[in-house]
Amino acid sequence: MYRKQMIMQKIVCFIMLASSVVTFFYSLGIMTDLYESFYYSIRSVDNPDRNPIAGSLIYYDMQDFNRSFLHLGLMLILVSLLLFITNTHVRRRYYIGNVIAVLVNVCANVYVAAWASGQINAYRAKFLNEVDFEAFRAYADLMSSYYTESTFWFDVHIYVFGFAFFACALLILSTVWKFSLMSGEKKLMTEGKGE
């Protein structure tokens with residue numbers, strides 16, 4: 001049973017790392033459509049009336065969020081490496097360092113997912129409600145530039161963070177299983193000594 005659990009814990013640690021990498025790459029790509037759509041159309045950040053597309057300043061409004069999200073995505077990668085530094089992926093018995101590594105990973109992923117989801121949903125609503133899509137289409141036709149009404153980059157966060165939650169659930173399950181086996185082993189050793 002220990003062998004199966006140790007195989008699972010190794011796989012789960014790599015899934016946590018993969019989840020962090022996916023979140024990081026998502027943070028790199030979330031602004032793709034907004035950049036291609038609005039960057040060259042913005043004439044004045046201080047005077048929105050000078051811009052040909054109402055609502056195009058969402059591109060600038062999201063910059064601080066995107067910078068923070070990028071840093072948090074990188075932080076998640078570093079935090080997931082903590083599982084490997086503490087040998088959580090290969091250790092037969094877990095110690096306090098392993099438990100801390102698991103808790104830090106779960107808490108960091110839940111925090112980033114909750115914070116980023118709230119921000120992304122707010123910017124998605126802003127995109128749909130404030131952008132003048134008629135002016136946007138006219139500008140794109142005139143300048144032969146990129147036009148989209150798609151909210152793909154806003155919507156994909158559901159899958160990205162769903163994967164993160166799945167990885168966290170597996171990590172918790174693996175840890176509970178590990179402690180169950182450790183407890184059983186300790187009980188057998190105690191009974192063996194009593195005979």
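**Close-up 1. Who lines the largest cavity in this predicted model.** Sorted by type, the lining of the largest cavity comes out as 6 nonpolar residues, 4 polar and 1 charged. The full cast is I30, D33, L34, S37, F127, T148, S150, T151, F152, W153 and F154. Two helices, α2 and α7 (152-155), each put at least two residues into that lining.

**Close-up 2. The volume of the largest cavity.** The space comes to about 70 Å³. Looking for cavities of 30 Å³ or more turns up a count of 1.

**Close-up 3. The buried face of helix α6.** Helix α6 spans residues 133-143, and here F133, A135, F136, Y139 and A140 are buried. Looking down the α6 axis, these buried residues sit within an arc of 155°, so they line one face of the helix. Among the elements covering them are α2 (32-38) and α5 (96-130).

**Close-up 4. The other side of α6.** Swing around to the other side of the helix and you meet E134, D141 and L142, which are exposed.

**Close-up 5. The two ends of α6.** At the start of the helix, D132 gets a side-chain oxygen to within 3.2 Å of the backbone nitrogen of E134. That E134 is the residue listed as exposed in the previous view. What follows α6 at its far end? The next residue is S144, and its phi is positive, near 50°.

Notes: Residues numbered from 1 in each chain as written. Predicted model: local features only at pLDDT ≥ 70, side-chain atom pairs only at ≥ 80, totals over all residues. Heavy atoms only, no water. Buried < 20%, exposed > 50% of the residue type's maximum accessible area, 1.4 Å probe, protein only. Helix = DSSP H or I, 4+ residues; strand = E, 2+ residues; numbered from the N terminus. Arc of directions from axis to C-beta. Contact = heavy atoms within 4.5 Å. Polar contact = N/O pair within 3.5 Å; in protein donor to acceptor, adjacent residues only side chain to side chain. 1 Å grid on protein atoms, 1.4 Å probe; cavity = no way out; pocket = protein on both sides within 12 Å on 5 of 7 lines; lining within 4 Å. Points joined across faces, edges and corners; volume = space filled by probe spheres on them. Nonpolar A, V, L, I, M, F, W, Y, C, P; charged D, E, K, R; others polar.
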